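Biologist: I'm new to reading protein models, and I'd love a close look at one part of this one. Could you walk me through helix packing and the pockets beside it?

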Amino acid sequence: MRLLKTVSLFILVVGYAFAGINHFINPDFYIHIIPRYIPCPVLLNIIAGIAEISFALLLIRPQTRPWAVYGVVLMLAAFLPVHIQMLIDAPFKLGNITVTPLIAWLRLILQPVLMLWVWWHRKN
């Protein structure tokens, strides 16, 4: 079980670090899916990127991991309007990807799964 938890944590750290970096490499991808009723999408994209990178780094150390876990869960909850809007707007093109209703539903359902996954790491 310890090996599984270590591998799981590694995947989360790398995944959130890359996701955060991607906010700066491909900002249009994220800005495009921020609902229009949410102000300052460019700034929010930057904040989301910084948050994902920060939480990835905080997940590494056992002392800061609980804070990172709570942060990631709250961040994923904050992202729910984006995924709901994707479902409302589907189908649509996002770069080279066509977001179908099925893909939008899967992304929405994935949010609580990710929350539970990171929650598993709240205790060392």
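What follows is a walk from one helix to its neighbours and then to the pockets.

Modeller: Happy to! Keep in mind that this is a predicted model. Let's take helix H3, residues 41-60, as our starting point.

Look first at the partner that comes earlier in the chain, helix H1, which covers residues 2-25. The axes of H1 and H3 come within 8 Å and cross at roughly 155°. An angle over 145 degrees counts as roughly antiparallel, and H1 and H3 are therefore roughly antiparallel to each other. Their crossing is left-handed. On the H1 side, the residues that meet H3 include Leu9, Leu12, Val13, Tyr16 and Phe24. On the H3 side, Ile46, Ile50, Glu52, Ile53 and Leu59 are among those that meet H1. Sorted by class, this contact has 15 nonpolar residues, 4 polar and 1 charged.

Now turn to the other partner, helix H4, residues 65-78. H3 and H4 pack with their axes 7 Å apart, at an angle of about 150°. That makes H3 roughly antiparallel to H4. Here, too, the crossing is left-handed. H3 brings Ala51, Glu52, Phe55, Leu58, Leu59 and Ile60 to this contact, while H4 brings Arg65, Ala68, Val69, Gly71, Val72 and Met75. The classes are 9 nonpolar, 1 polar and 2 charged.

Keep an eye on Glu52 as we move to the largest pocket, which holds about 820 Å³ of space. This pocket is lined by 34 residues, and the closest to its centre are Tyr30, Glu52, Phe79, His83 and Arg107. H3 and H4 are among the elements that each give two or more residues to the lining, together with H1, helix H2 (27-31), helix H5 (80-89), strand E2 (97-99) and helix H6 (101-119). The largest share, 7 residues, comes from H1. The lining divides into 26 nonpolar, 6 polar and 2 charged residues.

Finally, there is a second largest pocket, with a volume of about 180 Å³. Its lining is made up of Arg2, Lys5, Thr6, Leu9, Arg65, His121, Lys123 and Asn124. You have already met Leu9 in the contact of H1 with H3, and Arg65 in the contact of H3 with H4. H1 again gives the most, with 4 residues. By class, this lining has 1 nonpolar, 3 polar and 4 charged residues.

Key
Residues numbered from 1 in each chain as written. Predicted model: local features only at pLDDT ≥ 70, side-chain atom pairs only at ≥ 80, totals over all residues. Heavy atoms only, no water. Axes fitted to C-alpha atoms, helices over the stretch in contact; angles between N-to-C directions. Parallel < 35°, antiparallel > 145°, perpendicular 65-115°, else oblique. Left-handed = near helix turned anticlockwise from the far one by under 90°. Contact = heavy atoms within 4.5 Å. Nonpolar A, V, L, I, M, F, W, Y, C, P; charged D, E, K, R; others polar. 1 Å grid on protein atoms, 1.4 Å probe; cavity = no way out; pocket = protein on both sides within 12 Å on 5 of 7 lines; lining within 4 Å. Points joined across faces, edges and corners; volume = space filled by probe spheres on them.
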